[in-house]
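Visitor: I'm new to this one. Could you show me around?
Guide: Sure, let's have a look together.

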Amino acid sequence: STIEARCYPASLGAGVFVGGGLGNCRSKLSQDRAMWLFDPQARRWQVIPGLKLKRDDAISLIAAHQPSGRLAYVVKHADGTSTIAAADTGAGDLDIGRNVEAGAVVTQLSFADAGKKLFIGSSGNVVEWDLASDTVRALQGGALVPSFFASDGRNLLFSGLMQDGVARTDL
């Protein structure tokens with residue numbers, strides 16, 4: 001079967017998905033910039049209340065963490081700046097955001113440590129955002145365009161497109 005398309009879909013597990021409205025990645029086709037949750041029982045997308053964007057804002061990346069129900073997303077603003085937001089679709093105990101350095105392009109988001117930390121790759125930098133304390137620390141190593149993260153809780157592997165090696169840093 002098929003379902004309606006959404007931008008940057010990510011899985012929350014058990015058939016539940018989150019995605020941005022088509023106005024986020026196909027602005028010529030739609031003005032829908034909402035954040036949506038796919039309900040597998042109802043077999044349809046439902047708007048996530050409380051995650052509304054301003055008219056000229058657009059989601060440019062989404063990451064989800066199973067089973068915590070946490071999601072992170074990048075919002076590009078009309079003035080060229082961006083914000084990374086983290087929210088909890090389950091318990092609702094997380095709703096924070098951070099501004100992105102002007103001109104930086106966020107290319108990767110990945111949760112770790114049971115959804116308590118978020119790795120962010122942007123414009124050659126990799127940082128760890130501790131969501132519980134709302135602190136950020138830069139990690140050693142770099143990737144021009146960070147394209148993947150893999151963590152076991154003690155180490156982080158990451159690399160960028162067309163790089164010959166994979167960076168490894170202790171957490």
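**A quick tour**

Visitor: Where should I begin, and which residues does Leu-118 touch, leaving out those up to four places away in sequence?
Guide: Keep in mind that this is a predicted model. Leave out residues up to four places away in sequence, and Leu-118 still has contacts. They are Ala-72, Ile-84, Leu-109, Ser-110, Phe-111, Val-127, Glu-128, Trp-129 and Leu-131.

Visitor: Which strand gives the most residues to the largest nonpolar core?
Guide: That core has 17 residues, and Leu-118 is among those that touch the most other members, along with Ile-84, Val-106, Leu-109, Ile-120, Trp-129 and Leu-131. The elements giving two or more residues are strands E5, E6, E7, E9, E10 and E11. With three residues, the top contributor to this core is E9.

Visitor: How many residues does the second core have?
Guide: Nonpolar side chains tend to be buried together in soluble globular proteins. Here a second core sits separate and includes Leu-12, Ile-62, Tyr-73 and Ala-85. Its residue count is 13.

Visitor: What about the outside: is Met-162 buried or exposed?
Guide: Met-162 is found in the loop between strand E14 (155-160) and strand E15 (167-170). Together with Leu-144, Val-145 and Leu-161, Met-162 forms a nonpolar surface patch with about 510 Å² of accessible area. The relative accessible area of Met-162 is 85%, and the cut-off is over 50%, so Met-162 is exposed.

Visitor: And how far apart in space are Pro-67 and Ala-114, C-alpha to C-alpha?
Guide: Pro-67 lies in the loop between E5 and E6, and at 79% relative accessibility it counts as exposed. In sequence, Pro-67 and Ala-114 are 47 residues apart. In space, C-alpha to C-alpha, the distance is 8.2 Å.

Visitor: Which residue in the turn between E1 and E2 has a positive phi?
Guide: Strand E1 (residues 7-13) pairs with strand E2 (residues 16-20) in the antiparallel sense, over four bridges. Within that pairing, Ala-10 has Val-18 as its bridge partner. The two strands form a hairpin with two residues between them, and the one with a positive phi, about 55°, is Ala-14.

Visitor: What is the phi of Gly-153 in the hairpin of E13 and E14?
Guide: E13 (residues 146-151) and E14 run antiparallel, joined by five bridges. Across the pair, Ala-150 stands opposite Leu-157. This hairpin has three residues between its strands, and Gly-153 takes a positive phi near 95°.

Key
Residues are numbered from 1 along each chain as its sequence is written. This is a predicted model: local features need pLDDT of at least 70, side-chain atom pairs count only at pLDDT 80 or more; totals for chains, interfaces and linings use all residues. Side-chain values use heavy atoms; hydrogens and water are left out. A nonpolar core is a set of buried Ala, Val, Leu, Ile, Met, Phe, Trp, Tyr and Cys residues joined through side-chain atoms within 4.5 Å. Buried means under 20% relative accessible area, exposed over 50%, partly exposed in between (1.4 Å probe, protein chains only). Contact means heavy atoms within 4.5 Å. Patches are made of residues with over 30% relative accessible area and no salt bridge: like charges are joined within 9 Å, nonpolar side chains (Val, Leu, Ile, Met, Phe, Trp, Tyr) within 5 Å. Accessible areas come from the Shrake-Rupley method with a 1.4 Å probe; for residues, only the protein chains shown count as cover. A salt bridge is a side-chain nitrogen of Lys or Arg within 4 Å of a carboxyl oxygen of Asp or Glu. Two strands pair if DSSP finds at least two bridges between them.
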